[in-house]
Amino acid sequence: MTLLKIARMGHPVLTRRAEQAADPTARDIRRLIEDMVETMDDGQGVGLAAPQVHVGRRVIIFKAPAERADDEIEPSAASALTALVNPVFEPLTDDMSLGWEGCLSIPGITGAVPRYLRIRYSGVDPSGREIEREASGFHARVVQHEIDHLDGLIFPMRMTDLSLLSFNEELRHFIEVERADEDRDAAE
Ligand code: NI
């Protein structure tokens, strides 16, 4: 396996639409996915899309660890490591929620992004198996983030309030504001 170079915001590969992979079980797709997993783990990310490693194909990997979904009781909020070729999703509700996201292509930055709370997604895994799942919460969020990469969209392009775009080191100010709000709510 090989660690791949990650394209950072500003590289045109991140704003191009990726192409369908003709054969999801092809050897080069399997190898790409293995290398993407190693690259994602090295960067301590929870998802990666092929354009982020300079490959314009519709391939994503992601995981939604249970600890990231711990305030969400539904099992659909978590997911084991999954690789999908030619993935698509549809929202199952109009409800969206604002949540903090980072991206390996935008290191050191976090933003609050609106995403659908509940989706159904599908695709083919590298062994050729059709996968179809319903996802909610953090799981739904990470899948929407990764599929966006295949359409040339990075998370700041989805933000509706750019005052919620922050260097990681400054994020505590938002968390302090949230805490102060909670304390005030508790006092009322
Ligand atoms: Ni990303």
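**Sheet, helices and nickel site of the predicted model**

Strands β3 and β6 pair in the antiparallel sense over 5 bridges. Across this pairing, F89 stands opposite Y121 in β6. The structure described here is a predicted model, and the pairing belongs to an open sheet of 5 strands with the order β1-β2-β3-β6-β7 and antiparallel pairing. In general, the strands of a sheet pair through backbone hydrogen bonds, in either a parallel or an antiparallel manner. The edges of the sheet are taken by β1 (47–49) and β7; each has a single partner strand, so one side of each is left without a neighbour in the sheet. From one strand to the next, the twist averages 40°.

The other pairings can be described in turn. Strand β2 pairs with β3 (residues 79–91) in the antiparallel sense, over 5 bridges, and I61 stands opposite A83 in β3. On the other side of the order, β6 and β7 are antiparallel partners over 7 bridges, with R120 opposite E134 in β7. These two strands, β6 and β7, form a hairpin with 5 residues between them, and G128 in the turn has a positive phi of about 95°.

Two helices pack on the sheet. Helix α1 (residues 27–42) touches β1, β2 and β3, and its direction makes about 40° with that of β2. Helix α2 touches β1, β2, β3, β6 and β7, and the direction of α2 makes about 160° with that of β2. The length of α1 can be compared with expectation: at 1.5 Å a residue, its 16 residues should span 22 Å, and the end C-alpha atoms are 23 Å apart, which agrees. The buried residues in α1 are I29, L32, I33, D35, M36, V37, T39 and M40. What covers these buried residues of α1 includes β1, β2 and β3.

The nonpolar interior is considered next. The largest nonpolar core has 16 residues, and those with the most contacts inside it are I60, F62, L84, I119, Y121 and V143. Two or more residues of this core are given by each of β2 (59–64), β6 (118–124), β7 (130–136) and α2 (137–150). The largest share, 6 residues, comes from α2. Contacts of V143 illustrate the packing: leaving aside residues up to four places away in sequence, V143 touches F62, I119 and Y121. Apart from this core lies another, of 15 residues, among them A21, A26, I61 and A83. The last two of these, I61 and A83, are the residues that stand opposite each other in the pairing described above.

A nickel ion is bound by three protein donors, C103 (SG), H145 (NE2) and H149 (NE2), which lie 2.1 to 2.2 Å from the ion. In sequence, the donor residues are spaced C-x41-H-x3-H. C103 lies in the loop between β4 (96–101) and β5 (109–116), whereas H145 lies in helix α2, so the pair ties together parts that are 42 residues apart in sequence. With a relative accessibility of 10%, C103 counts as buried. H145 is also buried, with a relative accessible area of 7%.

Several residues are notable for their backbone angles. Most residues other than glycine have a negative phi. Residue Q44, which follows α1, has a positive phi, near 55°. In H54, a residue other than glycine, phi is likewise positive, near 65°. H54 is found in the loop between β1 and β2 and is partly exposed, with a relative accessible area of 35%. N86 is not a glycine either, yet its phi is positive at about 55°. The place of N86 is in strand β3, and at 17% relative accessibility N86 counts as buried, the cut-off being under 20%.

Technical notes
Residues numbered from 1 in each chain as written. Predicted model: local features only at pLDDT ≥ 70, side-chain atom pairs only at ≥ 80, totals over all residues. Heavy atoms only, no water. Core = buried A, V, L, I, M, F, W, Y, C linked by side-chain atoms within 4.5 Å. Buried < 20%, exposed > 50% of the residue type's maximum accessible area, 1.4 Å probe, protein only. Helix = DSSP H or I, 4+ residues; strand = E, 2+ residues; numbered from the N terminus. Contact = heavy atoms within 4.5 Å. Donors = N, O, S within 2.8 Å, 3.2 Å for Na, K, Ca; no water. Pairing = 2+ DSSP bridges. Axes fitted to C-alpha atoms, helices over the stretch in contact; angles between N-to-C directions. Expected span 1.5 Å × (residues − 1).
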